[in-house]
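User: Let us go through this model by question and answer. Please give the cut-off for each term when it comes up.

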Amino acid sequence: MKMPKHFLFGAASASYQVEGAWNEDGKGVSNWDVFSKIPGKTFENTNGDVAIDHYHRYKEDIGLMAEMGLESYRFSISWPRIFPNGTGEVNEKGLEFYNNVIDECLKHNIVPFVTLYHWDLPQVLEEQGGWRNQATVDAFVRFADTCFEAFGDRVRNWITFNETVIFCSLGYLSGAHPPGIEGDAKAYFQTTHNVFVAHARSVERFKQAGYEGEIGITHVFNPAFSIDNEADNKFAEMHANEFATHWFYDPILKGTYPEYVVKQLEQQGLLPDWTQDELDVLKRTAPMNDFIGLNYYCPQRVMKNDTALVMAGGRENSTGRPGNPSFDGVYKTVLMDDKVYTKWGWEIAPDAFLDGLRMLQARYGDVKIYITENGLGDVDPIVGEEIMDTPRIEYIESHLRAVKHAVQEGINVSGYYAWSVIDLLSWLNGYKKQYGFIYVDHENGLARKKKQSFHWYKEIIATRAEDL
Ligand code: BGP
C-alpha cells in the first residue's frame, strides 16, 4: 500500500536548536539564552548563540529539504524574535525572517507546519514568574494572534505548544530546564494548567477570526506498560498513564481533567488554582482542536516503586533514561534486559508505538493525529566521506511501518515528521547527539552534508512508503 495522498512526509526542527543569531535584528533574550550560559547546565556548556546558523542559511537548508522531496517542514517561531519583551512592540525584523522562511518553503512546495512555542520564552516573562504567571498566558495569546495575522494567509497548520510535560516537569520538578526549579510539584501542575488555558484561548481566537487551516497541540507520547502482570505493577501502569498521558490529553481532547488525577492532586494539595472561566474555555474549545500532534521516541516500562524518592531525571546526557521513580513515588521506570536501547538509554520499540496508538484511539476516538516527532539520537559513523547512519534508517523504517499499520487499521494518522531534518543543538546534549538527515560539520564552518538517511528518506517519500 502507498500512503494516502493527504498524508504528509515531513521533518522537524525548533527555533532555539537551529537558528543562532541570538541577539541579531532586534531579537530579545530568551530564557534558554540565559539558562544555557549557567555553567554546568548543558553538556559541554553548549548554547544556541550560533546553533547551526539556520537564521542565515535557511535558504540552503530549505533547498536541501526540497531536494529530499520533503512535503512539509515543521519549525518553531522564536517568541522573543517577534516580541523582544514578551509583549508590547512587535519586532518587524522578526516577522520578516519567518515570512522569508515560509515563502521559501512555499516556493519549493513544502507545507510549513508552525509550532508557536518550542520552549524559548522571552526572558522578561520568565523573570516575572514564567508559566506560573497569568500575564504569560495573556502574552502568549497575543503572540499567537500576531502570528496568525502575519502568517495565516500562507500557513495552514499550527501547533500551539510543544511538549507541555517536558518544559513544565523539567522546569519545576527536576530543574534541568529553565527556570531550573526542583521539586515544586504544585508549580508543575499549575503551569501545565496555565499552558492548556493559553492553548485553548488561542484555539478560540484562531477559530473566531475564521483563519483557514488547522490548529492543535503537540504532546509527548510516552505510553506506559507494566513490566509484567503482577497486580501492583499493573496498578503502576494505570497510574503512570493517568499522570503522563490522560492529564495532558484529556483537557485538550475531552475538555475535562481525568478524575483519577484530580482526586489524587486534591488529596495532596497539588490541584492547580483554576477558575470556572478557565475550566469553561477548556470545555468549550475541546471540539475545536483539529488534531493532536504526538512526539514519540519510546515507551516507559513501569513497576511499583520500592526505592527511596530521589529526583534524578533530566540531567545532561540522561534525559529520559529509565530507572527513576515518579514524582509522587508511586511507580518507577525500569530498564529491561530483553529490550533494545539507544546510546542514551531510550528504548527502541515500534510495537509499543502501535499499541500506544491503539490505546489513544480507544480513549479519544478518531481524532486526527500527526506524528510531529520521531527519530533516533545517535553518534553517526563517518566512513570515508560518507555519513553512514544506518541505525537511523532502521529506526525510522520500523516506526514508519508501525504508522502504516495504524493507518491500515483505520487510525487517523495524517503525517509523519522525523526529528530532525538536520543535525541541531540538543537542549542538554549538545551537538553530540545527532538526529538529522543532513550532517553539519562543526569543524568546517558548519558545512552541510547529506547523510545516507537523506537518500533513503527521499526514496521513501517518492514511493509513498509503498515497499515498507
Ligand atoms: C523532544 C523535543 C525536541 C528534541 C527531542 C530530542 O522532547 O521536542 O526539541 O530535543 O526531544 O531530545 P534530545 O535532544 O534530548 O535527545
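User: Which helices and strands do the buried residues of α7 pack against?
Analyst: The model is predicted: local features need pLDDT of at least 70, side-chain atom pairs count only at pLDDT 80 or more, and totals for chains, interfaces and linings use all residues. Residues are numbered from 1 along each chain as its sequence is written. Helices (H or I, at least four residues) and strands (E, at least two) are DSSP runs numbered from the N terminus, and two residues are in contact if their C-beta atoms, placed from the backbone, lie within 7 Å. The buried residues of α7 pack against α4 (79-82), α5 (92-107), β3, α6 (123-127), β4 and α9.

User: Which residues of α7 are buried?
Analyst: A residue is buried if 20 or more other C-beta atoms, placed from the backbone, lie within 10 Å of its own, exposed if 12 or fewer, and partly exposed in between. In an α-helix there are 3.6 residues a turn, so residues three or four places apart point the same way. In α7 the buried residues are Thr136, Ala139, Phe140, Val141, Phe143, Ala144, Cys147, Phe148, Ala150 and Phe151.

User: How far does α7 reach from its first C-alpha to its last?
Analyst: Helix α7 covers residues 134-151, which is 18 residues. The expected span is 1.5 Å times one less than the number of residues. That gives 26 Å for α7, and the reach in the model is close to it, at 26 Å.

User: Which residues have the most contacts inside the largest nonpolar core?
Analyst: A nonpolar core is a set of buried Ala, Val, Leu, Ile, Met, Phe, Trp, Tyr and Cys residues joined through C-beta atoms within 7 Å. The largest one has 128 residues, and its largest share, 10 residues, comes from helix α9 (residues 185-208). Leaving aside residues up to four places away in sequence, one core member, Tyr73, touches Gly10, Ala11, Ile62, Met65, Cys105, Ile110, Pro112, Phe113 and Val421. The residues with the most contacts inside the core are Tyr73, Val114, Leu116 and Phe143.

User: Why is strand β4 described as largely enclosed?
Analyst: Two strands pair if DSSP finds at least two bridges between them. Strand β3 (residues 111-117) runs parallel to β4 and is joined to it by four bridges, while four bridges also join β4 to the parallel strand β5 (residues 214-220). Strand β4 (residues 157-162) is largely enclosed by the rest of the structure because the number of its six residues that are buried is six.

User: Which residue of β4 stands opposite Tyr117?
Analyst: On the β5 side, Ile159 stands opposite Gly216. The partner of Tyr117 lies in strand β4 and touches Tyr117, Val195, His199, Ile217 and Thr218, not counting residues up to four places away in sequence. With 23 C-beta neighbours inside 10 Å it counts as buried. Opposite Tyr117 in β4 stands Phe161.

User: Which residue does the UniProt annotation "active site" cover?
Analyst: UniProt positions are given in the numbering used here, feature names are shortened, and annotations may be inferred rather than shown by experiment. The annotated residue lies in strand β10 (residues 369-373) and counts as buried, with 25 C-beta neighbours inside 10 Å. Not counting residues up to four places away in sequence, it touches Ala12, Asn295, Tyr417 and Trp419. According to the unreviewed UniProt entry, the "active site" is Glu373.

User: Is Glu44 buried or exposed?
Analyst: Glu44 is not a glycine, yet it has a positive phi of about 55°. The residue sits in the loop between α2 (31-35) and α3 (54-68). With 10 C-beta neighbours inside 10 Å, Glu44 counts as exposed.

User: Where does Glu163 lie?
Analyst: Glu163 also has a positive phi, near 55°, and is a residue other than glycine. With 24 other C-beta atoms within 10 Å, Glu163 is buried. Its place is the loop between β4 and α8.

User: What is omega for the peptide bond that joins Pro178 and Pro179?
Analyst: Most peptide bonds are trans. The bond from Trp419 to Ser420 is cis, and Ser420 lies in the loop between β13 (413-419) and β14 (438-441). Pro179 is in the loop between α8 (164-172) and α9. The bond that joins Pro178 and Pro179 is cis, with omega of about 5°.

User: What is the radius of gyration of the protein chain?
Analyst: The chain has 15 helices and 15 strands. The radius of gyration is taken over C-alpha atoms, and the globule rule is 2.2 Å times the number of residues to the power 0.38. For 468 residues the rule gives 23 Å, and the chain is close to this, so it is as compact as a globular protein of that length; its radius of gyration is 21 Å.
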